[in-house]
Amino acid sequence: MPRWRTCGCSRSSARRSYQSTWRAWTAAEATRINPDGDVELPDDVVRTFTVVPCTVCGGVLKPDVVFFGENVPKNRVERCYSLIDEANAVLVLGSSLTVMSGFRFVRYAAKAGTPVLIINQGLTRGDPYATFRVDLPLGQALGELVRKASGPSHA
């Protein structure tokens with residue numbers, strides 16, 4: 001379920017709790033949709049735009065994700081390490097592992113002797129730690145895996 005987090009008090013809430021307010025300022029018709037998904041809006045919409053505030057602290061809301069350049073919350077990192085400790089293997093799907101926030105888990109798993117499987121087109125920083133690696137586009141590799149897992153009657 002999509003969640004919001006405030007930049008002020010770090011309160012987390014379900015996106016639906018702000019849905020009606022959010023829809024009010026996203027209902028404007030885009031004048032242009034760019035290839036990257038950004039849109040151009042009419043000038044009057046941009047002039048009157050206001051950020052939907054947190055109902056507790058008034059701070060700015062953002063999706064509850066870690067954006068590039070932000071630190072991953074410590075409790076989330078600890079939870080990931082805990083999950084790796086309990087896992088039989090770690091599967092990396094479609095990542096170059098350039099960013100330390102993902103690469104550290106591959107190194108951690110490999111050091112603990114937990115098998116690391118990487119599916120990615122091209123080299124990754126985690127390749128030296130991989131027990132097994134598939135060099136294919138992710139869609140192709142997963143499609144083939146599903147076909148094989150489904151058995152001969154679904155091929």
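**Figure 1. Val-46 and its nonpolar surface patch.** Val-46 is exposed, with a relative accessible area of 51%, in a model that is predicted. The cut-off for the exposed class is over 50%, so the value of 51% for Val-46 falls in that class. Val-46 belongs to helix 2, which covers residues 43–47. Together with Ile-33, Val-39 and Leu-41, Val-46 makes a nonpolar surface patch of about 350 Å².

**Figure 2. Overview of the fold.** The protein contains five helices and eight strands. Their order along the sequence is β-β-α-β-β-α-β-α-β-α-β-β-α. The chain has 155 residues, and 20% of them count as buried. Among contacts with a separation of 6 or more, 45% are between residues 24 or more positions apart. The exposed area of the protein is about 10,900 Å², and carbon and sulfur atoms supply 57% of this area.

**Figure 3. The largest nonpolar core.** In soluble globular proteins, nonpolar side chains tend to be buried together. Here the largest nonpolar core consists of eleven residues: Val-77, Ile-84, Val-90, Val-92, Leu-97, Phe-103, Phe-105, Val-106, Ala-109, Val-116 and Ile-118. At least two residues of this core come from each of helix 3 (74–86), strand 6 (90–93), helix 4 and strand 7. Helix 4 gives the most, with four residues.

**Figure 4. Phe-103 and Leu-97 within the core.** Both Phe-103 and Leu-97 are members of the largest nonpolar core. Leaving out residues up to four places away in sequence, Phe-103 touches Leu-97, Arg-125, Gly-126 and Tyr-129. Leu-97 sits in the loop between strand 6 and helix 4. Its relative accessibility is 4%, so Leu-97 counts as buried. Leu-97 also has a positive phi, near 60 degrees, although the residue is other than glycine.

**Figure 5. Surroundings of Thr-114.** Thr-114 is placed in the loop between helix 4 (100–111) and strand 7 (116–119). The relative accessible area of Thr-114 is 12%, so this loop residue is buried. Neighbours within four places in sequence set aside, the contacts of Thr-114 are Ile-84, Ala-87, Asn-88, Ala-89, Val-90 and Ala-109. Of these contacts, Ile-84, Val-90 and Ala-109 are also members of the largest nonpolar core.

**Figure 6. Salt bridge between Arg-32 and Glu-40.** Side chains of opposite charge can pair when their charged atoms come close. The protein has six salt bridges by the rule applied. In one of them, Arg-32 is joined to Glu-40, with the closest N and O atoms 3.9 Å apart. The cut-off is within 4 Å, so the pair of Arg-32 and Glu-40 at 3.9 Å counts as a salt bridge. Arg-32 is partly exposed, at 46% relative accessible area, and Glu-40 is partly exposed as well, at 37%.

**Figure 7. Asp-64, Arg-76 and the charged network.** Asp-64 and Arg-76 form a salt bridge in which the closest N and O atoms are 3.5 Å apart. Asp-64 is in the loop between strand 5 (61–63) and helix 3, while Arg-76 is in helix 3, so the pair ties together parts that are twelve residues apart in sequence. Arg-76 is partly exposed, with a relative accessible area of 31%. Through salt bridges that share partners, Arg-5, Asp-64 and Arg-76 are joined into one network.

**Figure 8. Helix 5 and its salt bridge.** Helix 5 comprises 13 residues, 138–150; at 1.5 Å a residue they should span 18 Å, and the end C-alpha atoms are 18 Å apart, which agrees. Glu-144 and Lys-148 both belong to this helix and are four residues apart, about one turn. An α-helix has 3.6 residues a turn, so residues three or four places apart point the same way. The side chains of Glu-144 and Lys-148 form a salt bridge of 3.4 Å, N to O. Glu-144 is partly exposed at 31% relative accessible area, whereas Lys-148 is exposed at 63%. Gly-151, just after helix 5, takes a positive phi of about 90 degrees.

**Figure 9. Backbone at Ser-10.** Ser-10 lies in the loop between strand 1 (3–6) and strand 2 (12–14). Its phi is positive, about 65 degrees, although Ser-10 is not a glycine. Ser-10 is partly exposed, with a relative accessible area of 42%.

Note on methods. Residues are numbered from 1 along each chain as its sequence is written. This is a predicted model: local features need pLDDT of at least 70, side-chain atom pairs count only at pLDDT 80 or more; totals for chains, interfaces and linings use all residues. Side-chain values use heavy atoms; hydrogens and water are left out. Buried means under 20% relative accessible area, exposed over 50%, partly exposed in between (1.4 Å probe, protein chains only). Contact means heavy atoms within 4.5 Å. A nonpolar core is a set of buried Ala, Val, Leu, Ile, Met, Phe, Trp, Tyr and Cys residues joined through side-chain atoms within 4.5 Å. The expected span of a helix is 1.5 Å times one less than its number of residues. Patches are made of residues with over 30% relative accessible area and no salt bridge: like charges are joined within 9 Å, nonpolar side chains (Val, Leu, Ile, Met, Phe, Trp, Tyr) within 5 Å. Accessible areas come from the Shrake-Rupley method with a 1.4 Å probe; for residues, only the protein chains shown count as cover.
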